[in-house]
Amino acid sequence: MALTPTEPTCIVIFGASGDLTHRKLIPALFNLYKLRRLDEHFSVLGVARSALTDESFRAKMFEALQSHLTINDAEEQKLADEFCQHLYYQAIDTADTVDYGKLVPRIAELSEKYQTNGNTLYYLSTPPSLYGIIPECLAAHGLNTEDHGWKRIIIEKPFGYDMASAKALDLQVHRFFKEHQIYRIDHYLGKETVQNLLVLRFSNGLFEPLWNRNYIDYVEITNAETLGVEERGGYYDASGAVRDMFQNHLLQVLALVAMEPPAIINADSMRDEVAKVLHSLNPLSQEDLQNNLVLGQYTAGEIDGKPVVGYLQEKGVPTDSTTPTYMALNCQVNNWRWAGVPFYVRTGKRLPVRVTEVVIHFKNTPHPIFSQNAPENKLIIRIQPDEGISMHFGLKKPGAGFEAKEVSMDFRYRDLAQPSLLTSYDRLLLDAIKGDATLFARSDAVHAAWKFVQPILDYKAAGGRVYDYTAGSWGPKEADKMMARSGRLWRKPNGCMKKKV
């Protein structure tokens, strides 16, 4: 089946001189161009304070493509040259409303040149402090109205710093853009394996009948990073593990695991079900915060045999900081499907391997003979790296008797050998241009997530304990104790899926 390109579009990137534009946005747009997923009538207008010309901006972006896409053959070189001819640049003071007047003729000029009919996608690749300012400045010059072509705005995380600031930002943005124009991006939702959670569940009669409290013992969601804060010490110290990973990425993954089947596959129906899960999260009591939450901060240790410094020794981090770099939580979804099933979620920096996965732990067989020493049945959904799915179950050991041993059946996306697979930013940019908001967070879901997380932030602000853990370990021992109280253990995943059996 032929791939349909997008509508003619002008893509305006605020913060175009920044790291995200170089590393992710321009390479993603080039990949869409290379795969012929973009309409030939498109332009990219970079906007930032830096004094660049169209030519110098193109040179910088071409360099970024060489660095990140390894352009090493004549055909790709030609495509990169062609793509960069669609790039333009406008220097403005992004905090000065008057300066936005410079964008009006530039966007109009590009709209006429590329026949984009006024269709404009704004991407806010800027510090969060500008998320409320840019929409207001655009509106002051009529750049938000849809009288001539659609206008959409993509806002990067974090969408707010806590529940109050998220609501205030939401009100501010909604003064100038309507909800159907707002795309709150979470690159985790663009990952192929995250989306495959839904297909795995709802298209297979093998799994959906078992996907409930009657057959599932508990669910485990892990995000582990070997990296520390790198050069982002100042930014990270203001967010920490709770805001940086849990409130957005991991709660969204939890919602996809727990959601009900949508009535139809469209943005409204899918996001209705996600919001229902987030509203159904059992509010955290003081007892939960003391017994079912563990916060941690890494100290000096070793990663892959190499010594690394502790969090307090990282550049840009205050020496007395208590910001958590690790979080583990036992939470529950209080609805008919999941009542009584614990969801154990953990995220941390400087852990032994880089991995994000969901593990569905099924209940043991009730048979009095075969339940003894039987291997656990579990389904492992690997989000990154080495994306895939692994199903673990018991089979008879060779020889006399009926002793069972654990075996697995494994699928890895790389075995499909499809080089045209879209990355998360490819997919989300493509969806935004097409006007498909399915994989973008909606206002009510954002509010529900912050409402659930706020007691954790309040607990930490009131002096909640942050435990030390050695870099290269699996986090504070208190997280193991939390699991052990229910007779369970955290899974310690490797960095890659097993080979096929």
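Reader: Is Asn117 buried, partly exposed or exposed?
Author: This is a predicted model. In the model, Asn117 has a relative accessibility of 47%. Asn117 counts as partly exposed, because buried means under 20% and exposed means over 50%.

Reader: Where does Asn117 lie?
Author: Asn117 is in the loop between α4 (103-114) and β4 (120-124).

Reader: And what is phi there, at Asn117?
Author: Near 60° for Asn117, a positive value in a residue other than glycine. Glu230 also has a positive phi, near 55°, and is not a glycine either.

Reader: Which loop holds Glu230?
Author: The loop between β7 (216-224) and α8 (233-237). With a relative accessible area of 40%, Glu230 is partly exposed.

Reader: Changing topic. What is the peptide bond from Lys157 to Pro158, cis or trans?
Author: That bond is cis, and its omega is near 5°. Pro158 sits in the loop between β5 (151-155) and α6 (163-174).

Reader: What about Gln384 and Pro385, what kind of peptide bond joins them?
Author: A cis one, with omega about -20°. Pro385 is found in the loop between β14 (378-384) and β15 (388-396).

Reader: On to cavities. How many of 30 Å³ or more are there?
Author: The structure has three. The largest cavity holds about 170 Å³ of space.

Reader: Which residues are closest to the centre of the largest cavity?
Author: Phe159, Gln247, Asn248, Ala441 and Val446, out of 15 that line the largest cavity. Two elements, α9 (240-258) and α13 (443-461), each give two or more residues to that lining.

Reader: Which element gives the largest share of the lining there, in the largest cavity?
Author: α13 does, with four residues. By class, the lining of the largest cavity has eight nonpolar, four charged and three polar residues.

Reader: What volume does the second largest cavity have?
Author: About 140 Å³. The second largest cavity has 14 lining residues, and those nearest its centre are Leu189, Gln252, Arg271, Val274 and Thr438.

Reader: Which elements give two or more residues to the lining of the second largest cavity?
Author: α7 (192-202), α9 and α10 (267-280). The largest share, three residues, is from α10.

Reader: How many nonpolar residues are in the lining of the second largest cavity?
Author: Nine, alongside three polar and two charged residues.

Conventions:
Residues are numbered from 1 along each chain as its sequence is written. This is a predicted model: local features need pLDDT of at least 70, side-chain atom pairs count only at pLDDT 80 or more; totals for chains, interfaces and linings use all residues. Side-chain values use heavy atoms; hydrogens and water are left out. On a 1 Å grid over the protein atoms alone, a cavity is a set of points where a 1.4 Å probe fits but cannot get out, and a pocket is an open set with protein on both sides within 12 Å along at least five of seven lines; lining residues have an atom within 4 Å of a point. Grid points are joined across faces, edges and corners, and a volume is the space filled by probe spheres set on the points. Ala, Val, Leu, Ile, Met, Phe, Trp, Tyr, Cys and Pro count as nonpolar, Asp, Glu, Lys and Arg as charged, and the others, Gly among them, as polar. Buried means under 20% relative accessible area, exposed over 50%, partly exposed in between (1.4 Å probe, protein chains only).
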